[in-house]
Amino acid sequence: MSSDTLKKRKSKVLRGEGAVPEMKRGRVEGDQQEIRVYSEEVELDSRDAKQDYKQFKESCDSLANLMSEIQNLKANGAKEGCVEVEQKRMQSCILFMNLKKLNRLTHIRLKRGRDQTHEAKQRVDVLHLQLQNLLYEVLHLQKEISKCLEFKSKHEEIDLVPEEEFYKDAPPDISRPNLTKTDSHQLTLARLDWELEQRKRLAEKYKESLSSKEKIQKSIEVKKEHLSSLQPGLTAIMQASIPVQQYLSMPFEQTQKQTEVARHLPPPLYVLFVQANAYGEACDKNLIVSINGDVDEAKALSKPQEDSQDDESDSDAEEEQEKTKRRRATTGGQLDDKRREMLKRHPLSLCIDLKCKDGSILYLYFYYLMNLNIMTVKTKVSIPTDLNTTISGGDLLKSDTLLSCLYAGDHGGETPNPANRYQFDKVSIVCFSDYVEELGHPYMWVQNLGGLQFPVGASESVCSGSSLSASQMEKTMKLLKRRLQSRLALHRQFASLEHSIIPVSSECLYLFPAKIMSRLVRWVAITYEEYRDLPYTQHVTDAGLAKETDLYFMGVVERGTACLQAAVVLNPRYPEVSPLFSLSLSWKGERSGQTDDNLRAMESEVNVFKNELQGPHPGHQLLTNQISRLCVCLDVYLETEGQDDGVEGPREFPREKMCLRIVRGPNRLKPFKYNHPQGFFSHR
């Protein structure tokens, strides 16, 4: 049979993945060829990968052998188209087709493996997501359980009677011992019912007490009217008993003598004497007023003098001033005598002893400059216990700074009397502040206590004498006590700050976290010139917030390699006027509030939000609370600062503070606000 006939009788085989059989017509009409479908994927299920690999190696070896044999035949002179060469070539083609088939099967097997791996990963992801959801639900349930366990009811704030007293006093219908002794919940409800019943009874008693109180008040008013009618008779009796008081050496004699001496006081000191005694009797029993000085000299001064002497002295002073350049060296001595005469004080002075609750005493010595018609004051402080020696607080209790700015703007460096300027020109006194240390400070409130009124502002009401002194007495005495207490508190705080200890009272502990890593390492006093020369305080001095009368200090806070310098302006009216902090940080370069937004935010924490740090009234803990807040803010600043990726190893400042957000906004501000009692930091 010929080969063509065999080819016609061969069946068609369609190869491919998932191939669909296709019907074809042969040359012979009416004869439909036999069609079989072949799928490599189906065949792949029944084949073994190891056997395929082994077959692949054998085919490769056989193909290599056939190629070498064909090469040898050609080398031996076999012609092209030789039967033996053609047979080996056909065998090579068959092996090559087998290799291609094995390659296709390998790719199909690889694709199946990838698909199975992908499906397995998807199942794992679904299971992992379900696990995360379950863990989140567990965490949520745990939080809810902790909230329920920590829940505090309002009834816990009520101070209930003890159980023994409850069972003893409460009626059985409320106590119900058979039920409450075994059930704590029912016991609490029963005790609350008994508390309500008792409070209702007390409310009824309160109403009854109010009605009885009104009756008693009416009877008291009737008795007062009766006693007031006896006043004229008692006054007559007291006048008649004066000889008896003298005979019995009654204590009125000392008061009478002081009153006699007070007659020789100059009018301003006399007004102060009367008003201080009146205030002491009415408001402060511990206030002591005494008169010091030479009474005889005061009596001699109280005699009337001829006006011609004053005119002659004025004319002589003018002549001396005109001829100053032409006089001899003795002229300076004459001017000194005239200056001493101009600045002469009255021989009598007034001393007021102002006692505080802690036992400290403020001695106020009031003087009157006769020719200048102004009053001055000097101070002295007596403390029951010895204060710790402090270098930075050495100026706090000095007479020159203790009463500075008791009222806003009252520095006491210049005389408040405008007429004194012309008097100083006659005797060549350039500045009255050169004599303040010897004569005392002429504060404006001192003039008001003496009834002296000098024009300051057009809007002020005009009053003089005793009415002016009385209107200022109570307020001034309270301010003086507050000033002394605040300076003593500062003195004690500075003694601790110099030893790198920040004193925080128990009432203010809630303002700060329990653990503060930054520490105060230095606290010293600086001068106004040193403060003004600092580069990061220029904006404060330009704004007029730093004056020569203020007190200046420098604090240094360190943590690790970071060093924070705080320049502090302490107003004399502290704590009414809070301290002002200016910051400079030395860490990875120099930074200040002008160049770093977060340092500016730290300045705001201590300068702007100072009311949070005021502490208990009257706010003596403000400065130390500000310093503690500064240490906390430095911890937050350093712990939330990003670490350089190029640096290996642990962080220099590990995060120990809990923050809701590390930074916020385009300025990348850090969370400096401490939230109590949750204990976390947040942004403002």
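The paragraphs below go through the nonpolar cores, a buried arginine, the salt bridges and a surface patch of this predicted model. Because the model is predicted, local features need pLDDT of at least 70 and side-chain atom pairs count only at pLDDT 80 or more, while totals for chains, interfaces and linings use all residues. Residues are numbered from 1 along each chain as its sequence is written, and side-chain values use heavy atoms, with hydrogens and water left out.

We begin with the interior. The largest nonpolar core, meaning a set of buried Ala, Val, Leu, Ile, Met, Phe, Trp, Tyr and Cys residues joined through side-chain atoms within 4.5 Å, has 49 residues, and those that touch the most other members are Leu350, Phe366, Phe432, Trp445 and Leu480. Here buried stands for under 20% relative accessible area, exposed for over 50%, and partly exposed for values in between, with a 1.4 Å probe and protein chains only. Among the elements that each supply at least two residues of this core are the strands β4 (348–355), β5 (361–369) and β6 (374–382), together with the helices α12 (267–282) and α20; helices (H or I, at least four residues) and strands (E, at least two) are DSSP runs, numbered from the N terminus. The element that gives the most to this core is α20, with six residues. A second, separate core of 44 residues includes Leu551, Val568, Leu634 and Tyr674. Returning to Phe366, its contacts (heavy atoms within 4.5 Å) include Leu269, Leu272, Leu350, Met375, Val377 and Trp445, when residues up to four places away in sequence are not counted.

Helix α20, which spans residues 466–497, also holds Arg487. Arg487 is buried yet has no salt bridge, and the nearest side chain of opposite charge, that of Asp550, is 8.5 Å away; in this assignment Lys and Arg count as positive and Asp and Glu as negative, whereas His and the chain ends are not counted. Leaving aside residues up to four places away in sequence, Arg487 touches Asp395, Leu396, Leu397, Thr401, Leu402 and Pro572.

Elsewhere, charged side chains do pair. A salt bridge is a side-chain nitrogen of Lys or Arg within 4 Å of a carboxyl oxygen of Asp or Glu, and a search of the whole structure finds 26 of them. In one of these, the side chains of Arg629 and Glu605 meet at 3.0 Å, N to O. Arg629 lies in helix α24 (residues 622–639) and Glu605 in helix α23 (residues 597–607), so this pair ties together parts that are 24 residues apart in sequence. Arg629 is buried, with a relative accessible area of 3%, and Glu605 is buried with a value of 3%.

Lys657 forms a salt bridge with Asp635, the closest N and O atoms being 3.5 Å apart. This pair links distant parts of the chain, 22 residues apart, with Lys657 in the loop between α24 and β12 (658–659) and Asp635 in helix α24. Both Lys657 and Asp635 are buried, and they are linked with Arg559 and Glu639 in a network of salt bridges.

Glu197 and Arg201 form a salt bridge with their closest N and O atoms 4.0 Å apart. Being four residues apart in helix α8, Glu197 and Arg201 are separated by about one helical turn. Glu197 is partly exposed at 30% relative accessibility, and Arg201 is partly exposed at 43%.
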